Amino acid sequence: MTARFDELAHAFRSWRLRRRAARAPLAAPPVTARCDELALAGPEHLDAGFVAGYDRKSGFDPTDDLRVLRDHGIGPASTVVDLGAGTGAFALAAAAAFGRVVAVDVSPAMVGTTRGRVRAAEVTNVEVVQAGFLSYEHAGTAADAVYTRNALHHLPDIWKAIALDRIARLLRPGGVLLVRDLVYDCSPSEFDSVVAHWLDGAVDDPEQGYTRAELAEHVRTEHSTFRWLFEPMLTTAGFEILDVGFRRRVYASYTCVRGQSRKS
C-alpha cells in the first residue's frame with residue numbers, strides 16, 4: 001500500500017512539473033525586448049503632419065557627410081546603413097554615391113514618407129526597413145558604413161551603449177561610423193550655462209527650425225548625454241574615434257572606424 005502511494009505521489013509531482021514547464025516560456029526574451037523604441041521616438045515623429053514639415057524644419061544638407069564617407073573610402077560598391085533615417089533625405093542623397101543603402105527608422109510615418117520618396121525618385125538601390133537600433137537585423141554582406149543623425153538621443157544611455165555594440169557587429173572591420181547628434185560637451189557644473197547659450201540660438205518660427213520651447217522640451221524629455229559618457233561608449237563598442245567636432249557645445253559630429261581586432 002505504501003509503495004503504491006509513493007508511486008502515485010511521484011506521478012502527481014511529475015505531472016505538475018510537466019504542466020508548469022508547458023506554461024513557462026521556452027526561453028527568456030532577449031534583453032533588448034525590454035526597451036520599446038517606438039515609445040521613445042517621441043509623439044511628433046509618429047505624427048504625419050510633423051513628418052511632412054520635418055525636412056524644412058531640420059534644414060538638413062547631407063553634402064558634407066557624404067564627403068566625409070567618400071574621404072574614408074566609401075564608394076560606389078559600398079553598403080551604407082542609415083539608422084534613424086527619418087524622411088530619407090540622407091538615404092536618397094547617398095543612393096547616388098554608394099552601391100546599397102538601407103534606410104532604417106522605427107516610426108511608421110517616417111518609413112512611409114521615405115518609401116514614397118524612393119518610389120517617386122525611381123531609386124532602385126535603397127531599401128527601407130521599419131526597425132530601431134535594437135531591432136534592426138542586417139542581411140547580406142557586412143556594412144561598410146553606418147550613418148546616424150539625431151536618433152541615438154532617443155535612447156537612454158544603457159541602450160545607447162547596446163546600440164553602439166550592435167552597430168559595430170553589423171560593420172566590417174575598418175568600417176566607418178558617422179554620428180551626428182545632440183551631445184553635451186561640458187561638465188555637470190557647466191550644464192545650465194551651456195543649455196542657456198544653446199536656447200539663445202533658437203528660432204522664433206517653428207516651421208523654420210526649433211524654437212526655444214522645443215529645445216527646452218528636448219532637454220527635459222530626451223536622452224542626450226554628456227561627451228565624457230558618450231565617448232567611452234564608442235571605444236567600449238570597439239570604435240576608434242578619428243574626428244570630433246562640436247557647435248555651440250551641443251551639436252556633435254563623430255567620425256569613427258570599427259577596430260580590426262573587435263570580435264563580432
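Asn150 is partly exposed, with 26% relative accessible area. In this predicted model, Asn150 sits in the loop that links β4 to α8. Its backbone is notable: Asn150 has a positive phi of about 50°, although it is not a glycine. Most residues other than glycine have a negative phi.

Arg249 also has a positive phi, here of about 60°, and it is not a glycine. Arg249 is placed in the loop between β6 and β7. With a relative accessibility of 36%, Arg249 counts as partly exposed. A further positive phi, of about 55°, belongs to Glu122, just after α7. The table collects these backbone values.

| Residue | Place | Phi |
|---|---|---|
| Asn150 | loop between β4 and α8 | about 50° |
| Arg249 | loop between β6 and β7 | about 60° |
| Glu122 | just after α7 | about 55° |

**The chain as a whole**

The chain holds eleven helices and seven strands. It has 264 residues, of which 44% count as buried. Taking contacts between residues at least 6 apart in sequence, 71% join residues at least 24 apart.

**Helix α8 and its surroundings**

The loop that carries Asn150 lies between β4 and α8. Helix α8 covers residues 157–170, which is 14 residues. From its first C-alpha to its last, α8 reaches 20 Å, close to the 20 Å expected at 1.5 Å a residue.

Which residues of α8 are buried? They are Trp159, Lys160, Ala163, Leu164, Arg166, Ile167, Ala168 and Leu170. An α-helix has 3.6 residues a turn, so residues three or four places apart point the same way. The cover over the buried residues of α8 includes the strands β1 (79–83), β4 (143–149), β5 (171–182), β6 (239–247) and β7 (251–258), together with helix α11 (227–236).

**α8 against α11**

Two packed helices are described by the angle between their axes and the distance between the axes. For α8 and α11, the axes come within 9 Å and cross at roughly 30°. Angles under 35 degrees count as roughly parallel, and α8 and α11 are therefore roughly parallel to each other. Their crossing is right-handed. On the α8 side, the contact is made by Asp157, Lys160, Ala161 and Leu164, and on the α11 side by Leu229, Phe230, Met233 and Leu234. By type, the residues of this contact between α8 and α11 divide into six nonpolar, no polar and two charged. Lys160 and Leu164 take part in this contact and are also listed among the buried residues of α8.

Leu229 belongs to helix α11. Is Leu229 buried, partly exposed or exposed? At 35% relative accessibility, Leu229 counts as partly exposed. Leu229 and Tyr184 are 45 residues apart along the chain, and their C-alpha atoms are separated by 9.6 Å.

**α9 against α10**

Helix α9 (residues 191–200) packs with helix α10 (residues 212–221) at an angle of about 150°, and their axes are 9 Å apart. Because angles over 145 degrees count as roughly antiparallel, that makes α9 roughly antiparallel to α10. The crossing of α9 and α10 is right-handed. From α9, Phe191, Val195, Trp198, Leu199 and Asp200 meet Arg212, Leu215, Ala216, His218 and Val219 of α10. The residues of the contact between α9 and α10 comprise seven nonpolar, one polar and two charged.

**Helices α6 and α7**

Helix α6 (residues 89–95) contains Ala95. At 12% relative accessibility, Ala95 counts as buried. Which residues does Ala95 touch, leaving aside those up to four places away in sequence? They are Val101, Val123, Asn125 and Val126. Ala95 and Val80 are 15 residues apart in sequence, and the distance between them in space is 9.2 Å, C-alpha to C-alpha.

Helix α7 (residues 108–121) has 14 residues, which at 1.5 Å a residue should span 20 Å. The end C-alpha atoms of α7 are 20 Å apart, in agreement with that value. The buried residues of α7 are Ala109, Met110, Val111, Thr114 and Val118. Just after α7 comes Glu122, with its positive phi of about 55°.

Methods
Residues are numbered from 1 along each chain as its sequence is written. This is a predicted model: local features need pLDDT of at least 70, side-chain atom pairs count only at pLDDT 80 or more; totals for chains, interfaces and linings use all residues. Side-chain values use heavy atoms; hydrogens and water are left out. Axes are lines fitted to C-alpha atoms, for helices over the stretch in contact, and angles run from 0 to 180 degrees between N-to-C directions. Helices (H or I, at least four residues) and strands (E, at least two) are DSSP runs, numbered from the N terminus. Angles under 35 degrees count as roughly parallel, over 145 as roughly antiparallel, 65 to 115 as roughly perpendicular and the rest as oblique. A crossing is left-handed if the near helix is turned anticlockwise from the far one by less than a right angle, and right-handed if clockwise. Contact means heavy atoms within 4.5 Å. Ala, Val, Leu, Ile, Met, Phe, Trp, Tyr, Cys and Pro count as nonpolar, Asp, Glu, Lys and Arg as charged, and the others, Gly among them, as polar. The expected span of a helix is 1.5 Å times one less than its number of residues. Buried means under 20% relative accessible area, exposed over 50%, partly exposed in between (1.4 Å probe, protein chains only).
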